[in-house]
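Colleague: I'm new to this one, so could you walk me through it and tell me what the labels rest on?

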Amino acid sequence: MNIPLRRVAVTCAVLLFALLANVTYLQAFGPRDLVADRRNERALLARYAHPRGDILTHEGRVLATSAATDTGPFRHRRVYPGGRMYAPVTGHFSLHRAAGLERAEDAVLSGSHPSVRVRTLVRDGRPEGADVRLTIRHRVQQAAYQSLARAGRPGAAVAIDPVTGAILALASYPSYDPAGHAVQDAGTVDAVDRLLRGDPAQPMLNRALRRAYPPGPASEVVTAAAALASGEYTIASPITARAGEVAPPLSLPAGSPGPGERSCGNGRPTLAHAFRLSCAAAFAALRVQLGQDLLRDQAEAFGFNAADLTVPLRVAASTFPAGLDRSGTALSAAGLPDRATPLMIAMLSAAVANGGVAMRPYLVEEVRLPDGSIINRAGPRPYRTAMSPALAGQLTILMATATRPDLALQGVEVAAKSGPDVVTAFAPATAPEVAVGVVLEPGTAPAAPVARAILRAALS
């Protein structure tokens, strides 16, 4: 009898310990999974039990807020007065997921962040979300989005304060209406989400931060900075501008920027002349002479190949590839293997404008409780030292002389490097207040009017 009883006792002990282990797991780790389970109605009710904080522009214009509901199981719903213009910034908050700042700042907006929860409970015992005030200026954002819409081409535009890194505008086109995700019916939300994600125009893609493009003429800013930093070139140094003399000889691809040899100083232009006219052969030769290692070091000094950038939205890495042969290095003069986000294209000009120091870009100015008390405020922080102040001064001269008439502003000197699809610029050239990056996907409308509208709005 002892052997069967012993086996039963051991089996019961194992089952008891398994039960205790399961209970411990559910108490310690299970709540997170249960809360995230889409079938958990209690978690959904709790998410809408109290109002989330507002998302506001720098001036206080409401972009996202919570409104009380009169029907249904949820006490509040999300409303987006900012609409399509601000969707790449605000994102959306729906029954089962969130995007944009609604996701990145969820802890403070929902009130679950410890600093928000403690202070709201101590004040009046009611849980509330905190408001998030952005660095975005409405008139600059409006100019960016509306000019992109007028161009009618997919693309993005970013404006930055070069001294602080504050993002003044962040626009992506085409966009979407976040209100479609705020409907409190799971079937409707899923249908809207499937429709938008299946749209070939990709309206939910934040092109300003999440898509990297060939930088085109903006790559010449990196090349010129590398040449000047090497100590082997000045803005008056002559450069070979005959494609046949590039080693190895190569034919530049169709559509490469730059006029013929005669307008490029009969094949021996100065660096300043080649930069002003975007002489493709000259910059191909210059990149070969500098070598890919020096070019990559300079690109990385601007922030290329870095995967650590958040604003707090996650930013795709801008890349300068390694392992290019001489032909690949030459072709990179047209920005072909390189890739840069519109944010990085704006940061190129911002670094030059700020004496060679690229400031860390940021979108959130401050986090404020409903009673007005501030629990977090952003401040300027250096991100990269791209070049010396003296070199930045020389690049400013190059960019100011390269500014085309379609970017000129009355009474304001603009420093720019531009092409049909890409613009990087800052103004005023002598006392910079704004830097912009604009990229349009292939089409007929030019990018310059978009950049010009943003500069005018930022300086008005």
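Modeller: Sure, let's go through some labels and the values behind them, bearing in mind that this is a predicted model.

Colleague: Start broad. How many helices and strands are there?

Modeller: The chain has 18 helices and 13 strands. Of its 460 residues, 51% are buried, and buried here means under 20% relative accessible area. The accessible surface is about 20,300 Å², with 56% of that belonging to carbon and sulfur atoms.

Colleague: What makes α4 roughly perpendicular to α8?

Modeller: The axes of α4 (residues 83-90) and α8 (residues 138-151) cross at roughly 105 degrees and come within 10 Å. Angles of 65 to 115 degrees count as roughly perpendicular, so α4 gets that label relative to α8.

Colleague: Which residues meet there?

Modeller: From α4 you have R84, M85 and Y86, and from α8 you have H138, Q141, Q142 and Y145. By class, that contact holds three nonpolar, three polar and one charged residues.

Colleague: Now the six-stranded sheet. Why are β3 and β9 said to stand at the edges?

Modeller: The order in this open sheet is β3-β2-β1-β4-β8-β9, with mixed pairing. β3 (76-79) and β9 (374-377) each have a single partner strand, so one side of each is left without a neighbour in the sheet.

Colleague: How do you know that β4 and β8 count as paired?

Modeller: Two strands pair if there are at least two bridges between them. Four bridges join β4 (residues 131-134) to β8 (residues 364-368), so they count as paired. These two strands run antiparallel, and L134 stands opposite V364 in β8.

Colleague: Which peptide bonds are cis?

Modeller: One of them joins Y173 and P174, where omega is about 0 degrees. P174 sits in the loop between β6 (167-173) and α9 (186-197). Another runs from V311 to P312, with omega near 15 degrees, and P312 is in the loop between α14 (292-302) and α15 (326-331).

Colleague: Why is Q202 called partly exposed?

Modeller: Partly exposed covers what falls between the buried cut-off of 20% and the exposed one of 50%. Q202 has 34% relative accessibility, so it counts as partly exposed. Its phi is near 50 degrees, a positive value in a residue other than glycine, and Q202 lies in the loop between α9 and α10 (207-210).

Colleague: And what makes N305 partly exposed?

Modeller: N305 comes out at 32% relative accessibility, so it gets that label. Phi of N305 is positive too, near 65 degrees, and this residue lies in the loop between α14 and α15.

Definitions and conventions
Residues numbered from 1 in each chain as written. Predicted model: local features only at pLDDT ≥ 70, side-chain atom pairs only at ≥ 80, totals over all residues. Heavy atoms only, no water. Axes fitted to C-alpha atoms, helices over the stretch in contact; angles between N-to-C directions. Parallel < 35°, antiparallel > 145°, perpendicular 65-115°, else oblique. Contact = heavy atoms within 4.5 Å. Nonpolar A, V, L, I, M, F, W, Y, C, P; charged D, E, K, R; others polar. Buried < 20%, exposed > 50% of the residue type's maximum accessible area, 1.4 Å probe, protein only. Areas by Shrake-Rupley, 256 points an atom, 1.4 Å probe, with all protein chains shown as cover.
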